[in-house]
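The following account leads through a protein model, moving from individual side chains to helix packing and then to the backbone. Please keep the sequence and the coordinates in view while reading.

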Amino acid sequence: MPRLFYAILLPEDILDALCAAQDALRERAVQGNFSRRENLHLTLAFLGETENLAGARRGAERLPGGPFPLRLQGAGSFRQNGGRLFWAGVRQSRPLQSLQEKLAQNLRAEGFRLEERPFRPHLTLARQVDVLPEFDPKAFAASIPALEMKVQAVSLMQSQRIRGVLTYREIYRKSLGE
């Protein structure tokens with residue numbers, strides 16, 4: 001059964017910056033599970049395993065609004081089982097919040113059960129990371145430049161393991177402002 005989520009995909013310049021930050025983190029880590037470049041994204045809604053592809057598509061078809069700016073801002077980590085999760089921040093904005101709320105509302109109307117916790121936009125860089133004692137979190141946060149992109153679409157993604165590798169594939173794209 002397909003495992004689905006909605007995301008905002010990232011342009012090459014932002015992927016370059018995030019990968020550079022991952023490389024800097026990797027040099028200061030004993031171990032970690034680093035997100036692959038092609039898997040970096042901003043999650044808007046996680047649908048889970050479902051055969052309801054038509055309902056998942058309908059959830060995005062009625063999204064209001066047009067393109068809007070999105071800006072990287074800050075970075076950090078938190079403890080989780082097996083190490084730390086490291087993330088790059090995304091500045092919260094009214095257009096981003098409205099998009100996520102309307103998408104979640106539409107998906108719930110299609111019968112999807114989504115998480116109830118507040119939306120905190122971030123880009124997961126690595127999981128289960130153990131850093132060296134000399135690791136400087138402020139230097140890590142400073143390694144991610146404040147870049148901006150224009151959000152022009154949302155993407156329905158399928159998550160699957162292919163030969164043991166977690167792979168995300170876009171299966172539907174909804175342009176904003178159509």
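Setting aside residues up to four places away in sequence, Q97 touches Q92 and F119. The model is a predicted one, and this glutamine is a convenient place to enter it. Q97 belongs to helix α3, which covers residues 94-109. Its relative accessible area is 15%; because buried means under 20%, Q97 is classed as buried. With one of its two listed partners the residue also forms a polar contact: the side chains of Q97 and Q92 approach to 2.7 Å.

At position 109 of helix α3, the setting is another one. A109 has a relative accessibility of 65% and therefore counts as exposed, the cut-off for that class being over 50%. Between the C-alpha atoms of A109 and A7 there is a separation of 19 Å, with these positions 102 residues apart along the chain.

Helix α3 also packs against another helix. The axes of α2 (residues 53-61) and α3 come within 8 Å of each other and cross at roughly 145°. The crossing of α2 past α3 is right-handed. On the α2 side the contact is made by G55, A56, G59 and A60, and on the α3 side by L103, N106 and L107. Sorted by class, the residues of this contact comprise four nonpolar and three polar ones, with no charged residue.

Attention now turns to helix α1, which spans residues 12-27. Its 16 residues extend 22 Å from the first C-alpha to the last, close to the 22 Å expected at 1.5 Å a residue. The buried residues of α1 are I14, L15, A17, L18, C19, A21, Q22 and L25. These buried residues pack against several strands, namely β2 (29-34), β4 (68-80), β5 (83-90), β6 (122-131) and β7 (148-151), and against helix α4 (137-142).

Within that set, Q22 merits a separate look. Q22 lies in helix α1, and its relative accessibility is 3%, so it counts as buried. Which residues does Q22 touch, not counting those up to four places away in sequence? They are F34, S35, L40 and L125. The contact with S35 can be described further: a polar atom of the Q22 side chain lies 2.9 Å from the backbone oxygen of S35. Across a sequence separation of 118 residues, the C-alpha atoms of Q22 and F140 are 9.3 Å apart.

The last topic is the backbone. Most residues other than glycine have a negative phi. Against that background, two residues of this model may be examined. Q128 is not a glycine, yet has a positive phi of about 55°. Q128 is located in strand β6, and its relative accessibility of 39% makes it partly exposed. The second residue is R163, likewise not a glycine, whose phi is positive and near 50°. R163 is in the loop that joins β8 (153-162) to β9 (165-175). Is R163 buried or exposed? With a relative accessible area of 82%, R163 is exposed, since that class begins over 50%.

Strand β6 thus links two parts of this account: β6 is among the elements against which the buried residues of α1 pack, and Q128, with its positive phi, is found in β6.

Conventions
Residues are numbered from 1 along each chain as its sequence is written. This is a predicted model: local features need pLDDT of at least 70, side-chain atom pairs count only at pLDDT 80 or more; totals for chains, interfaces and linings use all residues. Side-chain values use heavy atoms; hydrogens and water are left out. Helices (H or I, at least four residues) and strands (E, at least two) are DSSP runs, numbered from the N terminus. The expected span of a helix is 1.5 Å times one less than its number of residues. Buried means under 20% relative accessible area, exposed over 50%, partly exposed in between (1.4 Å probe, protein chains only). Contact means heavy atoms within 4.5 Å. A polar contact is a pair of N or O atoms within 3.5 Å; within protein, one must be able to donate a hydrogen and the other to accept it, and residues adjacent in sequence count only if both atoms are side-chain atoms. Axes are lines fitted to C-alpha atoms, for helices over the stretch in contact, and angles run from 0 to 180 degrees between N-to-C directions. A crossing is left-handed if the near helix is turned anticlockwise from the far one by less than a right angle, and right-handed if clockwise. Ala, Val, Leu, Ile, Met, Phe, Trp, Tyr, Cys and Pro count as nonpolar, Asp, Glu, Lys and Arg as charged, and the others, Gly among them, as polar.
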